[in-house]
Amino acid sequence: MAMWIQAQQLQGDALHQMQALYGQHFPIEVRHYLAQWIESQPWDSVDLDNPGEEAKAKRLLDNLVAELQKKAQIQGGEDGFLLKIKLGHLASQFKSRARSLTVSTKLDFQDSSDGFAFQSTYDRCPFELVRCIKHILQSEQRLVQESTNASSGGGAQAMDTLSQRHQQINQAFEELRLATQETENELRKLQHSQEYFIIQYQENLRIQAQLSSLSSVPPAERTQREATLQSKRATVEAWLAREASTLQKYRLDLADQHQKTLGLLRKQQTLILDEELIQWKRRQQLAGNGGPQEGGLDVLQSWCEKLADLIWQNRQQIRRCEHLTQQLPLPGSIEELLTKLNSDITDIISALVTSTFIIEKQPPQVLKTQTKFAATVRLLVGGKLNVHMNPPQVKAVIVSEQQAKALLKNESTHSESSGEILNNNCVMEYHQATGTLSAHFRNMSLKRIKRSDRRGAESVTEEKFTILFESQFSIGGNELVFHVKTLSLPVVVIVHGSQDNNATATVLWDNAFAEPGRVPFLVPDKVLWTQLCEALDMKYKAEMHSGRGLTEDNLVFLAQKAFSNSSNNPEDYRNMTISWAQFNRENLPGRNFTFWQWFDGVVELMKKHLKPHWNDGAILGFVNKQQAQDMLMSKPNGTFLLRFSDSEIGGITIAWVAENPNKQGERLVWNLLPYTTKDFSIRSLADRISDLNHLLFLYPDRAKNEVFAKYYTPPLSKPVDGYVKPQIKQVVPEFTTPNPEPSAGVVFMEQTASSSGSHSNNFGVYSSISENLLDPEGDFNLEDTMDVARHVEELLRRPMANQWSSQQS
């Protein structure tokens, strides 16, 4: 009822438009007195194109009549008497008219004496009643919203853009439906007129035959009869001449109407295919980078099916016009016009069918040979055009970038491919419940790949391929035959997992910066830094499954790394561009890895081991050494933060402020040897932080147990078969303090580090290692790390008694 209350407040032209929605086809009194009931009914749940839902529409019609009767019965008082009569009369009209329409097949009615011409409006009742009410409600909503926008000045902000666009599409469909129904009615009138013309033409031939036979009649009688027949012939021929001109005008007018309808169809199809469907495909591409899911295809399919239905109806009408013209040739140029209309509408339906053969589920964009993968293709108009009656087969082949270009130029690439895909044929299946026609490739595998000659510095992980899906089928009893093709998003083929990182970079760049309608698979070599920031933020949030993305400070840190720049001002980077080479071809200064390889290493580490801590806000991450020092020196001893390693891919280090154990009164910021995925596979970050008693507060001032306690590993369970499970803990010897709850008798494996202010180290069980593993810069040598790993491995191979002490409970 809220909508009707707002509709009553409309003024001026909006009020006139609202009033024009009502009339003999649907009285405004019904809308007024049943406002709450009407607005609460599931009108949108009725699929007007599904004959099987007529019973649902009939129930709504019956309920409307019952509500009117109920409303009429409760009216009382002097004024209520007339209203009771009025509502009761409307209820009986709805009921009787609806009943009469269920048995009537006629279309050409005039307004009835009671002024309620349902038969001319609801020729397919009760669906037409549902359609009428849906149109009224949508129009009211539009008028109210436009009025609200005008008064508030909010414009597009006041109305959801998507809903507005969908409403425009639905309104355009209503216009097309009415236009198609009108041409259908006119065509039937033309057919009836032509049939009557032919009857009169035959009558004229009969008169002529009678005149010819008068030679055998006596002269006196012949003269009388001849005069009568001549008079009749003159009348008929005059009528035929006038009617021939009228028929020709009818034909031209009808052709003109079809021409206008085709224009509306083209406009609607362009809106749906070149905007809505393209936007869906773009969302699908961005989803490959972690963007929001592209959304279902149900709405798009319903639109495409409506288009197919309307196009097919108009095509059949045009063909019937051609048949009528052939049946009764008349002077004029109508044949050429009809031929042009037939050609135009065939082009329209061809564009619809070929454009709606799409990939619903893309194959993986990083494709490893000898690995199973899946994909799904779908024909959005397959059910409506009855393609499923003879289910077509779809074939998948892998083609190179050059072959894809040739395909778009319609150059012959028959039987050309760049590799061999196993299980690459699939028959399209029709799902009755959803009305979808699709082919599910569930067990494809790329057996081999044929690479092209690469250009310059391009690596194998920069070479793009695509999966071509193609099929052939006919509609209308082989009336039209279609050969349809569609290309997947670009794929990069790898043969080893070590290539995954660089292949992902190629895919991310392509997904983020490809433009609709491009030549396969061109992407800009340079993009604005802000554009890349959006792509990195999207990827990061998706991998973290969190709304906590990259902050402006994080992005400044990344800009400093990408451009080797020390500026902390984000405005300094806003108009800068970054090239593909800077992104993932050239190593960062002084490093043996690229910007993307470093960033992807961070992402992999975080999503595998540290996702909860990032989402809790415990990891700052994108902080360099100098920033960490500046932040920590103003904090109490024992304050620490977690930042990503500058020198190692997929490393994270702990930086903390503490007294220099070798120089009393001096405070330093220390950086622990970076942890990697392998470290966290042994012992979690939370447990490692718990082990280090000198770490007290997570920057800026949160007690560490408040942040990490919920992630600590529970205490060891009771002994099993007389044995106690050994426990691994870490310590930094120079900062070791008594454990509040020591595990008596347990000898700990230790990791250690030192600052530049220290002159000697106490390494405990690592006494044979003399080099420092930790310096105030946090840098370390890979060979040193390997030495530690080898030493740990050697210790673990020694007899258990030498390494662990056991307890008997």
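**Exercise 1. Find the residue that stands opposite Lys395 in strand 6, then place that strand in its sheet.**

Step 1. Lys395 faces Asn425 in strand 6. Before going on, note that this is a predicted model, in which local features need pLDDT of at least 70, side-chain atom pairs count only at pLDDT 80 or more, and totals for chains, interfaces and linings use all residues. Residues are numbered from 1 along each chain as its sequence is written, and side-chain values use heavy atoms, with hydrogens and water left out.

Step 2. Strand 4 (residues 393-400) and strand 6 run antiparallel and are joined by three bridges. Here strands are DSSP runs of E with at least two residues, helices are runs of H or I with at least four, and both are numbered from the N terminus. Two strands pair if DSSP finds at least two bridges between them.

Step 3. Now widen the view: four strands form an open sheet in the order 6-4-9-10, with antiparallel pairing. Its edge strands, each pairing on one side only, are strand 6 (425-427) and strand 10 (480-487). From one strand to the next, the twist averages 25°.

**Exercise 2. Work out which helix lies across strand 9 and strand 10.**

Step 1. Look at residues 334-355: this is helix 12, and it lies across strand 9 (465-475) and strand 10. Contact means heavy atoms within 4.5 Å.

Step 2. Helix 12 runs at about 40° to strand 10. Axes are lines fitted to C-alpha atoms, for helices over the stretch in contact, and angles run from 0 to 180 degrees between N-to-C directions.

**Exercise 3. List the contacts of Leu379 beyond its neighbours within four places in sequence.**

Step 1. Leu379 touches Val353, Thr356, Phe357, Val387, Met428, Leu437 and Phe473.

Step 2. Leu379 also belongs to the largest nonpolar core, of 78 residues, where Ile272, Val353, Leu379, Phe441 and Phe469 touch the most other members. Such a core is a set of buried Ala, Val, Leu, Ile, Met, Phe, Trp, Tyr and Cys residues joined through side-chain atoms within 4.5 Å. Buried means under 20% relative accessible area, exposed over 50%, and partly exposed in between (1.4 Å probe, protein chains only).

**Exercise 4. Decide whether strand 16 is mostly covered or mostly open, and find the bridge partner of Trp656.**

Step 1. Of the five residues in strand 16 (residues 667-671), four are buried, so the strand is mostly covered.

Step 2. Strand 16 pairs with strand 15 (residues 652-659) in the antiparallel sense over five bridges. Trp656 has Trp670 in strand 16 as its bridge partner.
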